[in-house]
Amino acid sequence: MSSQNARLETSGFVPFYRSYTKTWIHAVATAGLTAFGTLTIVHRWFAALALASYVVPPIVLYLRHGRDDDRADADRDASAPERDDSPTASKPEPDTPKPDREIESDRTGPDPDTSGPSRADPDTTATTDATGALEKDDSGGKRDESTESDDSIERDETTGSSDTTESTAADETPGAATRDAREEPAPKSKQAWHTVEAPTDATLRDVAVAAADDTADSSTAYAVGDGGVVLADAGDEWTAVIADGPAAGGNDLRGVDATADGEAVWVAGDSGALGRIDAETGRHTDFTAPEDITDNWLGVAVGGASGAETILLINGSGAVLRGTYGADGDGRALEWTGPEKPGSGSSLSGVAFADDAVGYCCDTNDGVFETTDGGESFDRVGLEGADGTLTDVATAGRDDCLVSADDGVVHRYDGPTWTPERVADDSLTGIARREERAMACAADGAVHERAGGAAGWERTDTDAAGALLAVSLGAARAVAVGEDGTIVARG
């Protein structure tokens with residue numbers, strides 16, 4: 001930029017006023033404005049003095065500053081030597097004084113010791129002389145706005161380049177990989193309870209983990225619920241294997257259980273809905289309304305391996321229907337006996353097999369019944385004096401069962417003796433057993449677990465969106481289901 005253009009740019013009133021506001025004269029003028037403005041309560045003509053004290057000083061200084069600039073330019077033009085544009089032109093001697101404007105121009109140039117331009121600080125060039133302060137602010141402290149913008153871009157580019165270099169160098173250091181790994185969020189552990197996305201928002205009422213052996217990878221979980229939906233998974237991804245029940249009637253399903261080898265799964269529900277799913281092929285067979293019974297099946301238990309299956313169905317009239325499924329000379333045969341009522345006729349709320357012979361069922365009138373012949377007969381083994389209504393039963397063998405209740409108590413049976421254990425303050429809706437381990441789910445979305453027969457119950461709060469209604473416990477995984485398609489899993 002030429003010196004003439006610089007003078008025009010910096011001789012405008014706006015740049016001048018910016019510089020003026022940084023002087024002591026502006027401070028005094030502002031004080032005068034305030035003082036005389038306050039005196040207007042005495043007489044209104046003080047308003048004129050107030051305005052004059054604030055407006056007159058910058059006008060006078062601006063006019064005076066303009067005349068001084070013209071004289072200074074004229075003196076410089078007269079005394080400046082002719083510039084030699086040849087490449088061999090020598091630089092001025094170090095002790096030769098430079099005009100003020102040339103000094104300021106040099107001050108805004110690139111610093112040989114730095115990688116980017118620097119800008120003079122107007123505040124450091126101000127003096128106690130008001131006029132001198134204005135001249136320095138006008139000539140050195142304020143630069144062409146386009147020049148400042150270019151400098152800013154250059155500084156940003158220089159800084160960005162430096163940052164990139166530093167980042168690259170940091171990434172190449174031996175500890176960079178460790179730091180990056182430490183900064184990445186750790187994936188959610190499968191050993192902790194976590195919510196699993198379900199392909200339905202229907203209420204899921206029962207769940208069963210069907211495992212052929214004791215490894216989590218070989219187990220498949222099945223869940224059933226409203227509308228006849230049946231879900232299955234082989235990990236964390238659940239899919240619908242039946243959309244509207246085994247008979248395509250859309251009846252709610254309330255129970256699910258698997259054979260001991262995990263190769264077959266039975267589902268049961270309202271209006272006599274009943275079906276068998278081949279775990280290997282995913283194909284299901286409809287056995288709805290066995291013996292022409294269209295009662296609402298409230299639960300199902302399966303004992304034995306695939307092909308030698310014993311099925312127990314319970315209903316709201318307190319009856320148990322027993323079935324056997326196996327091979328005969330013509331293929332597969334399903335035969336039914338009963339139904340029989342082991343108790344007084346109160347609604348049965350839970351049924352479970354420990355193996356193909358031993359099993360238990362419970363009703364809503366404190367009745368718990370044991371079978372040792374695969375459901376052909378039942379004997380009452382308790383329960384007396386329970387405060388809550390029994391909701392579910394789980395067993396690991398003969399003289400060994402747990403019954404949950406809606407008052408948060410688990411009743412433990414170990415032969416002739418029943419022992420109540422306070423587990424939760426909320427209703428326990430489901431219970432499961434596997435050897436010495438036990439697990440119960442609650443209406444508040446929590447899961448309670450007992451690691452062994454002598455251990456206490458430990459509560460775990462899950463992130464379930466609604467109440468949990470059933471839980472199943474495998475060798476290396478556990479799954480609980482509930483309202484609004486809720487599925488929480490561990491392992």
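User: Before we look at single residues, what do buried, exposed and partly exposed mean here?

Analyst: Buried means under 20% relative accessible area, exposed means over 50%, and partly exposed covers what lies in between, with a 1.4 Å probe and only protein chains counted. This is a predicted model, in which local features need pLDDT of at least 70 and side-chain atom pairs count only at pLDDT 80 or more, while totals for chains, interfaces and linings use all residues. Residues are numbered from 1 along each chain as its sequence is written, and side-chain values use heavy atoms, with hydrogens and water left out.

User: Why is D400 called partly exposed?

Analyst: D400 has a relative accessible area of 22%, and because the class in between begins where buried (under 20%) ends and stops where exposed (over 50%) begins, D400 is partly exposed.

User: What makes D400 and R433 a salt bridge?

Analyst: A salt bridge is a side-chain nitrogen of Lys or Arg within 4 Å of a carboxyl oxygen of Asp or Glu. The closest N and O atoms of D400 and R433 are 3.0 Å apart, so the pair meets that rule. The pair links distant parts of the chain, with D400 in strand β19 and R433 in strand β22 (residues 428-434), 33 residues apart. R433 counts as buried, because its relative accessibility is 11%.

User: Which other side chains meet in this way, R276 being one of them?

Analyst: R276 and E309 form a salt bridge at 2.8 Å, N to O. R276 lies in strand β8 (residues 274-278) and E309 in strand β11 (residues 308-315), so this pair, too, links distant parts of the chain, 33 residues apart. Both R276 and E309 are buried. E421 forms a salt bridge with R412, where the closest N and O atoms are 2.2 Å apart, and E421 counts as buried at 18% relative accessibility. The whole structure holds eleven salt bridges.

User: How do you know that strands β18 and β19 are paired?

Analyst: Strands (E, at least two residues) and helices (H or I, at least four) are DSSP runs, numbered from the N terminus, and two strands pair if DSSP finds at least two bridges between them. Strand β18 and strand β19 (residues 400-405) have six bridges in the antiparallel sense, and one position in this pairing is T395, which stands opposite C401 in β19. The two strands form a hairpin with two residues between them, and D399 in the turn has a positive phi of about 55°.

User: Why is strand β18 said to be largely enclosed?

Analyst: Seven of the eight residues of β18 (residues 390-397) are buried, so the strand is largely enclosed by the rest of the structure.

User: Why does C401 not form a disulfide?

Analyst: A disulfide is a pair of cysteine sulfur atoms within 2.5 Å. The closest cysteine sulfur to that of C401 is in C362, 8.5 Å away, which is too far for a bond. The count for the structure comes to zero disulfides. C401 counts as buried, because its relative accessibility is 0%.

User: Why is L51 called exposed, and where does L51 lie?

Analyst: L51 has a relative accessible area of 54%, which is over the 50% limit, so L51 is exposed. The residue lies in helix α4 (residues 46-79).
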